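Trainee: I would like a close look at a single part of this protein, with its surroundings explained step by step. Could you walk me through it?

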Amino acid sequence: MEITDWIVPIGMVLVIIVLVYMYGTWTFSHFSDRDIPGPQPVPFFGNTLEIWRKGVIEVARDWHRQYGKTIGVYFMSNPVLFTTDIEIMKEVFVKDFTNFTNRGDIPNREKPYPMEFSLAFAKDDTWRRLRHTMTPTFSTGKLRLMDPHISRCCEGLSRFLQRLTEKGELVDVKRVFGAYTIDVIAGTAFGMETDFLTNENDAFLHAAMNMIRKSTTFGFLEGFLLIFPILRPAFSFLGVTSSSGGKHLAQLIENLLQETKSKGEEVKADLLQLMLDAEASEAEVAARPQDKHMTKTEIIAQGIIILLAGYETTATTLQYMVYLLATNPDKQEKLYNEIIAAIGDAPPTYENVMGIKYLDNALREALRCFPPVVLFSRQAAETRTIKGVAIPAGCEIAVNIYAVMQDEDFFSEPHKFIPERFDDKNISTLLRELAFGAGPRQCIGMRLALYEAKMAAVTIVRRFKFIKVPETVETISFKKSAMMSSPIKPILVGAELRK
């Protein structure tokens with residue numbers, strides 16, 4: 001065969017290689033063209049391989065130390081601006097919110113049904129309608145009505161811990177507080193009376209935990225389909241999906257909707273009933289998009305997002321708070337004394353727990369030390385330049401929450417648990433509440449999360465003393481595949497009844 005016969009095939013192969021390489025790198029000049037520093041991206045994967053290798057939390061801290069407060073990274077081919085600059089944060093998340101209304105979203109990532117209809121993923125006017133519709137369900141008056149549900153869950157939590165202490169068993173804090181928060185949400189959101197601490201075979205629990213696991217981890221198949229989204233329809237046709245678990249839970253919630261409707265006009269305190277009052281048909285929503293109403297599918301989606309967000313933030317906060325109290329006994333005793341001084345032996349209620357200052361400080365400090373959510377983001381509708389940083393239309397900008405909370409420019413001795421730091425009135429509201437997001441799109445359930453966390457904390461700190469034991473980890477390492485601050489090893493502490 002003549003050499004000339006190979007020229008065309010070789011040329012075609014080279015062209016294909018070049019085209020494939022261009023496909024895998026075509027966005028990678030986005031930040032270098034704008035003189036924004038950041039790690040070197042890898043073709044097709046961007047900086048995602050480093051994220052998978054080190055984990056989101058560790059790599060975010062490394063990048064912050066190495067490249068500064070505002071850097072450019074690539075999630076696959078998607079350019080994302082990471083920042084810990086508080087002035088940029090204020091501009092993006094608060095002052096210029098109308099231009100940064102929508103959350104950043106990973107292109108081509110599949111969302112479990114019906115999450116695309118939830119407040120978390122809604123955009124523009126749809127988000128505004130859903131937010132305005134749901135806001136009254138988290139008012140002070142509605143939260144007070146939740147006292148009976150949350151008090152019942154606190155009593156169950158206390159009884160369970162007492163059984164553990166009587167048996168001399170250690171406390172797996174995430175399991176215990178995860179069950180508590182699921183019980184709270186089942187009661188306040190869905191009107192159910194559950195006890196997941198002693199009944200782990202409940203169908204609702206299994207569906208909820210499956211959905212939570214799917215939503216807080218990032219697997220190989222999902223990454224593969226992000227690189228080659230053109231293959232997603234083929235995988236779906238074969239019944240292979242990277243996102244599952246939502247349909248079963250959605251069906252259970254729909255069944256609860258029907259049961260609630262069948263009970264007539266009885267007024268309830270649960271969030272499901274409050275949202276049902278705003279139910280409308282798709283035609284009605286389309287005809288009057290400015291009104292406060294939701295379709296049935298949207299109501300189901302809000303129920304799921306309340307479950308996911310309420311479980312993870314509150315259970316994680318209580319998990320780390322108890323760990324920090326066990327490893328800082330002086331702070332634990334100060335908290336106990338402050339609680340006794342404030343309310344004595346009175347039953348905890350919304351009225352008396354929300355005003356305990358040191359309790360609020362301890363929760364804020366636990367959220368600072370171990371924020372449940374690693375980062376949150378927004379997308380620019382129009383091009384902006386903030387502090388000399390060009391943010392083109394469509395660009396995603398994300399806050400690296402862990403790096404902010406560990407930054408000595410904001411918090412002295414950031415690696416220490418110091419609840420007293422939040423007595424400083426100079427700490428901005430943005431930094432105090434950053435674990436729940438910032439600006440008008442801040443977590444709608446923040447007050448409920450703090451309320452149920454404070455109710456639990458008062459209940460258990462008054463009755464139990466948490467102790468560091470040999471099985472208690474010295475340093476917490478996080479799961480690399482998790483999108484939340486999930487520890488690799490269970491956090492175990494000892495507990496004993498107070499005398």
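Trainee: How many residues does helix H8 have, and how far does H8 reach from its first C-alpha to its last? Please start there and carry on into the sheet beside it in the sequence.

Mentor: Happy to! Keep in mind that this is a predicted model. Helix H8 covers residues 173-190, which makes 18 residues. From its first C-alpha to its last, H8 reaches 25 Å, close to the 26 Å expected at 1.5 Å a residue. H8 is also mostly covered, with 17 of its 18 residues buried. After the helix comes Gly191, and the phi of Gly191 is positive, near 70 degrees.

Now step back to strand E3, residues 171-172. E3 belongs to an open sheet of three strands, ordered E3-E9-E8, with antiparallel pairing. Strands E3 and E8 stand at the edges with a single partner strand each, so one side of each has no neighbour in the sheet.

Let's follow the pairings across the sheet. Two bridges hold E3 and strand E9 (residues 492-497) together in the antiparallel sense. Here Val171 stands opposite Val493 of E9. On the way to E8 (464-467), you will find four bridges joining E8 to E9, and these two strands run antiparallel. Phe464 has Leu497 in E9 as its bridge partner.

E8 is a nice place to practise reading side chains. In a regular strand, side chains alternate between the two faces of the sheet. Along E8, Phe464 and Phe466 point to one face and are buried. Lys465 and Ile467 point to the other face and are not buried. There is a helix to look for here as well: H21, residues 446-463, lies across E8 and E9. Its direction is at about 85 degrees to E8.

For a contrast, try a place where two helices meet. Helix H5 (residues 124-134) packs with helix H15 (residues 296-327) at an angle of about 70 degrees, their axes 12 Å apart. The two helices are therefore roughly perpendicular to each other. H5 brings Thr126, Arg129, Leu130 and Met134 to the contact, while H15 brings Glu298, Gln302 and Ile306. Sorted by class, these are three nonpolar, two polar and two charged residues.

Leu130 of H5 deserves a last look. Because its relative accessibility is 0%, Leu130 counts as buried. Among the residues Leu130 touches are Phe117, Leu119, Met294 and Glu298. Leu130 and Gln290 are 160 residues apart in sequence, yet their C-alpha atoms are 9.9 Å apart in space.

Conventions
Residues numbered from 1 in each chain as written. Predicted model: local features only at pLDDT ≥ 70, side-chain atom pairs only at ≥ 80, totals over all residues. Heavy atoms only, no water. Axes fitted to C-alpha atoms, helices over the stretch in contact; angles between N-to-C directions. Parallel < 35°, antiparallel > 145°, perpendicular 65-115°, else oblique. Contact = heavy atoms within 4.5 Å. Nonpolar A, V, L, I, M, F, W, Y, C, P; charged D, E, K, R; others polar. Pairing = 2+ DSSP bridges. Buried < 20%, exposed > 50% of the residue type's maximum accessible area, 1.4 Å probe, protein only. Expected span 1.5 Å × (residues − 1). Lists of a residue's contacts leave out its neighbours within four places in sequence.
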